[in-house]
Amino acid sequence: EASDENRLIWPNLEGEAVTVLVAVETDFAITQAAMDLVFERYELHGETCADGWPLDGPFPETDELVASEFESAALPSGCGYAAGPDVWFNIPVPAATQLVFQGSYAADSFTLGYSLNCTSCVSYTSYNYSTASFTYTNTSGSEVMVHALLSSEYGTVGGEYVGTATMT
């Protein structure tokens with residue numbers, strides 16, 4: 001079917017770079033117009049601090065994300081280092097509310113931390129094959145976005161990152 005705009009969306013769930021071949025074929029001869037092709041690439045939620053995996057309730061909320069679907073990326077200052085994949089969880093914390101974030105990664109030693117602005121980490125600590133948590137209390141008069149980080153320290157890509165947000 002011909003239209004002014006046809007949109008094809010293809011998610012790469014392979015965990016590695018792939019080549020995509022696109023063929024365009026018309027049902028009739030195009031003699032007076034140009035054909036424009038636009039390609040847009042979107043990162044998987046959780047790949048970057050600003051585009052973290054949403055944990056937005058109802059609370060408590062737990063999500064498990066497969067580590068092999070994420071890559072290691074440059075971290076904001078003070079977040080430590082990561083040789084393996086890292087994942088971000090974005091959690092909106094209402095005014096006068098306390099967030100408890102619990103994270104785990106059983107496949108490797110991992111980093112747990114958080115940022116309020118995606119340029120630096122307020123907290124960062126390393127843990128060995130366990131579950132760890134941090135608490136953030138929003139004392140401001142408005143909602144604050146907390147960006148929680150889980151990151152493999154030694155490059156292991158198996159297993160799942162598990163993040164749980166609880167509000168009180």
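Reader: Let's start with a single residue. Where does serine 68 lie?

Author: Serine 68 sits in the loop between β2 and β3. Keep in mind that this is a predicted model.

Reader: And how do I read its accessibility: what does serine 68 count as, with a relative accessible area of 36%?

Author: Buried is under 20% and exposed is over 50%, with partly exposed in between. Serine 68 has 36%, so it's partly exposed. There's a long-range pairing here too: the C-alpha atoms of serine 68 and glycine 159 are separated by 7.7 Å, although the two are 91 residues apart along the chain.

Reader: Let's zoom out. How many helices and strands does the protein have?

Author: Zero helices and nine strands. Reading from the N terminus, the order is simply β-β-β-β-β-β-β-β-β.

Reader: What do the contacts say about sequence separation in the protein?

Author: Take the contacts with a separation of 6 or more: 72% of them join residues 24 or more positions apart. Alanine 106 gives you another pair to look at, since its C-alpha is 9.2 Å from that of valine 162, with the two positions 56 residues apart in sequence. Alanine 106 is in the loop between β4 (97-105) and β5 (109-115), and it counts as exposed because its relative accessibility is 67%.

Reader: How much of the protein counts as buried?

Author: Of its 168 residues, 34% are buried. On the outside, the protein exposes about 10400 Å², and carbon and sulfur atoms supply 51% of that.

Reader: Now the interior. Which residues have the most contacts inside the largest nonpolar core?

Author: A core here is a set of buried nonpolar residues joined through side-chain atoms. The largest one has 24 residues, and those with the most contacts inside it are Phe89, Ile91, Leu99, Phe101, Phe134 and Val146. The elements giving two or more residues to this core are β3, β4, β5, β7, β8 (144-152) and β9 (160-167). Apart from it lies another core, of six residues, including Cys49, Leu75, Cys79 and Leu149.

Reader: Pick one of the core residues for me. What does phenylalanine 134 touch?

Author: Leave out residues up to four places away in sequence, and phenylalanine 134 touches Leu99, Val100, Phe101, Leu112, Gly113, Tyr114, Val146 and Ala148.

Reader: What about a polar side chain: is asparagine 138 buried or exposed?

Author: Asparagine 138 is buried, because its relative accessibility is 1%. You'll find it in strand β7, which covers residues 131-138.

Reader: Which backbone oxygens lie by a polar atom of the asparagine 138 side chain?

Author: Look for two of them. The backbone oxygen of proline 94 is 3.1 Å from a polar atom of that side chain, and the backbone oxygen of serine 142 is 2.9 Å from one. Skipping neighbours within four places in sequence, asparagine 138 is in contact with Val93, Pro94, Ala95, Ala96, Thr97, Glu143 and Val144.

Reader: Alanine 96 is in that list. What is its phi near?

Author: The general idea is that most residues other than glycine have a negative phi, and most peptide bonds are trans. Phi of alanine 96 is positive, near 55 degrees. This alanine is in the loop between β3 (86-93) and β4, and at 71% relative accessibility it counts as exposed. Cysteine 118 isn't a glycine either, and its phi is positive at about 65 degrees. Cysteine 118 lies in the loop between β5 and β6 (121-128), and counts as partly exposed because its relative accessibility is 22%.

Reader: And the peptide bonds? Is the one from glycine 57 to proline 58 cis or trans?

Author: That bond is cis, with omega near 0 degrees. The bond from phenylalanine 59 to proline 60 is cis as well, again with omega near 0 degrees. Proline 58 is in the loop between β1 and β2 (61-66), and that loop also holds proline 60.

Reader: Last one, back on the surface. Which residues form a nonpolar patch there?

Author: Val18, Val20, Val22, Val24 and Leu37 do, with about 410 Å² of accessible area together. Valine 18 lies in the segment before β1 (53-54), and it counts as partly exposed because its relative accessibility is 38%.

Note on methods:
Residues are numbered from 1 along each chain as its sequence is written. This is a predicted model: local features need pLDDT of at least 70, side-chain atom pairs count only at pLDDT 80 or more; totals for chains, interfaces and linings use all residues. Side-chain values use heavy atoms; hydrogens and water are left out. Patches are made of residues with over 30% relative accessible area and no salt bridge: like charges are joined within 9 Å, nonpolar side chains (Val, Leu, Ile, Met, Phe, Trp, Tyr) within 5 Å. Accessible areas come from the Shrake-Rupley method with a 1.4 Å probe; for residues, only the protein chains shown count as cover. A salt bridge is a side-chain nitrogen of Lys or Arg within 4 Å of a carboxyl oxygen of Asp or Glu. Helices (H or I, at least four residues) and strands (E, at least two) are DSSP runs, numbered from the N terminus. Buried means under 20% relative accessible area, exposed over 50%, partly exposed in between (1.4 Å probe, protein chains only). A polar contact is a pair of N or O atoms within 3.5 Å; within protein, one must be able to donate a hydrogen and the other to accept it, and residues adjacent in sequence count only if both atoms are side-chain atoms. Contact means heavy atoms within 4.5 Å. A nonpolar core is a set of buried Ala, Val, Leu, Ile, Met, Phe, Trp, Tyr and Cys residues joined through side-chain atoms within 4.5 Å.
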